[in-house]
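These are my notebook entries on a structure that is new to me. I set down each point as I looked it up.

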There are 2 protein chains.
Amino acid sequence: MSEMSKSILDQMLCFEVYSTEHAFSRLYKTLLAPLGLTYPQFLVMILLWENDDQTVNGIGGQLGLESSTLTPLLKRMEKSGFVRRQRDAEDERRVRVSLTETGDALRHEAKGIGTCVADATGMPGAELKALLLELRKLRNGLATHNLAAE
Amino acid sequence: MSEMSKSILDQMLCFEVYSTEHAFSRLYKTLLAPLGLTYPQFLVMILLWENDDQTVNGIGGQLGLESSTLTPLLKRMEKSGFVRRQRDAEDERRVRVSLTETGDALRHEAKGIGTCVADATGMPGAELKALLLELRKLRNGLATHNLAAE
DNA sequence: TGCGATTTAATCGCGGGCGATTTAATTTGA
DNA sequence: TCAAATTAAATCGCCCGCGATTAAATCGCA
């Protein structure tokens, strides 16, 4: 596959990214179901565990999600009892999202998940790390292009 | 970042895959909108352009999608006039999906898209190819694990 | 032969995901 | 000062994605 055209390469790459994401999603679904979290909800939790009390846009910026996606998602998380949503007193346009006791405690139950997934990949840490960096490069390239188009 | 734990690595990797997929999806959306296709619909078209007249399960197997996802998607594609859906006379359980004239002709209009995306990545072909192989490895690892869990 | 098991799509309900639009709060600047 | 521009979330309609279930056709085997 050395004389492959760029466009065929792209076709295969977009397919790989597409199906790898689905594979991750499926794996996480089974691991997260006992905790009562979905995969995107888990990503939000990771951000909040790292840095509690963030705005909707703040979270959206890090995950690349619009408020039209996040608002209903956060409402479901609120209903599940993991987060609180309250208007910022300083700036009433903003909604601040923060962990409840339950949400904070969930951190410990989620402890083993990462290692479990890393093992499921069947790839050594060094290789995963290299892949991570390549993906970041790719994403930055695409993001730059998406921005330029506006 | 050399003494990173496997679970942190996993967190970052799943995030990268997640957001890279979204970045691809957004880019394709803008490119495909003029053709009247969505990104998953485009993936189906690629399969049919390569190999016309496939069953729902055949397509689903290649894309990793369930009939519960494909049936409505294919119905929308049929309504758009790109494919035909008809019961297989040999085996009435099967539904065969085939290109219409319009769908086949669309192949030419989609010509430039691959190159366009490959350019948008801002990465040289060799690097993309290497990334492709790494992703395939990762996906196969995850898929194997998902199967083993059943 | 005929009946239970299997296979194939379709359906349903729910949770994402986004573009376009709306509403409300804040900022800007004439 | 105060009206226009901007910003933050929310809402709406549509498309995807899956698990669970269903309906129908086929297969397999006693």
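**Entry 1. A phosphate contact on strand C**

How far is a phosphate oxygen of DNA strand C from an N or O atom in the side chain of Gln41(A)? I found a distance of 2.5 Å. I note at the outset that the model is predicted.

I then looked up two other polar contacts of this strand. In one, a phosphate oxygen of DNA strand C is 2.6 Å from a polar atom in the side chain of Arg26(B). In the other, a side-chain N or O atom of Ser68(A) lies 3.0 Å from an oxygen of DNA strand C, and that oxygen belongs to a base.

**Entry 2. The surroundings of strand C**

I listed the residues around DNA strand C and obtained 30. The closest are Thr38(A), Gln41(A) and Arg76(A) from one chain, with Lys75(B) and Arg85(B) from the other. By class, the surface near DNA strand C has 13 charged, 11 polar and 6 nonpolar residues.

Next I asked which part of the strand comes within 4 Å of the protein. Sugar or phosphate holds 74% of those atoms of DNA strand C, and bases hold the rest.

I also recorded the elements that each supply at least two residues of this surface. From chain A they are H2 and H4. From chain B they are helix H1 (6-32), helix H3 (56-63), H4 and strand S2 (83-87).

**Entry 3. The surroundings of strand D**

I repeated the search for the other strand. Around DNA strand D there are 30 residues, and the closest are Arg26(A), Thr71(A), Arg85(A), Thr38(B) and Arg76(B). Of the atoms of DNA strand D that come within 4 Å of the protein, 74% are accounted for by sugar and phosphate. The residues of this surface are 6 nonpolar, 11 polar and 13 charged.

Three contacts with phosphate oxygens of DNA strand D went into my notes. Arg85(A) places a polar side-chain atom 2.5 Å from one. Val95(A) takes part through a polar backbone atom, at 3.2 Å. For Gln41(B), a side-chain N or O atom is 3.3 Å from a phosphate oxygen of the strand.

I then looked up the elements that give two or more residues to this surface. Chain A contributes helix H1 (6-32), helix H3 (56-63), helix H4 (67-80) and strand S2 (83-87), while chain B contributes helix H2 (39-50) and helix H4 (67-80).

**Entry 4. The outline of chain A**

I turned to the build of one chain. Chain A has 7 helices and 3 strands, which follow the pattern α-α-β-α-α-β-β-α-α-α along the sequence. Its C-alpha trace spans about 60 × 40 × 25 Å along the principal axes.

**Entry 5. H1 against H6**

How is a pair of packed helices described? I used the angle between the two axes and the distance between the axes.

For H1(A) and helix H6 (residues 111-121) of chain A, the angle is about 140 degrees and the axes are 11 Å apart. H1(A) is therefore oblique to H6(A). The crossing is right-handed.

On the side of H1(A), the contact is made by Phe24(A), Leu27(A), Tyr28(A), Leu31(A) and Leu32(A). H6(A) brings Ile113(A), Cys116(A), Val117(A) and Ala120(A) to the contact. I counted 9 nonpolar, no polar and no charged residues in this contact.

**Entry 6. H2 against H3**

My last pair was helix H2 (residues 39-50) of chain A with H3(A). They pack at about 115 degrees with their axes 11 Å apart, so H2(A) and H3(A) are roughly perpendicular. H2(A) passes H3(A) in a right-handed crossing.

The residues in contact are Leu43(A), Val44(A), Leu47(A) and Leu48(A) of H2(A), together with Ile59(A), Gln62(A) and Leu63(A) of H3(A). This contact of H2(A) with H3(A) holds 6 nonpolar, 1 polar and no charged residues.

Methods:
Residues are numbered from 1 along each chain as its sequence is written. Chains are lettered from A and ligands numbered from 1 in the order in which they are written. This is a predicted model: local features need pLDDT of at least 70, side-chain atom pairs count only at pLDDT 80 or more; totals for chains, interfaces and linings use all residues. Side-chain values use heavy atoms; hydrogens and water are left out. A residue is near a molecule or strand if one of its heavy atoms lies within 4 Å of it. A polar contact is a pair of N or O atoms within 3.5 Å; within protein, one must be able to donate a hydrogen and the other to accept it, and residues adjacent in sequence count only if both atoms are side-chain atoms. Ala, Val, Leu, Ile, Met, Phe, Trp, Tyr, Cys and Pro count as nonpolar, Asp, Glu, Lys and Arg as charged, and the others, Gly among them, as polar. Axes are lines fitted to C-alpha atoms, for helices over the stretch in contact, and angles run from 0 to 180 degrees between N-to-C directions. Angles under 35 degrees count as roughly parallel, over 145 as roughly antiparallel, 65 to 115 as roughly perpendicular and the rest as oblique. A crossing is left-handed if the near helix is turned anticlockwise from the far one by less than a right angle, and right-handed if clockwise. Contact means heavy atoms within 4.5 Å.
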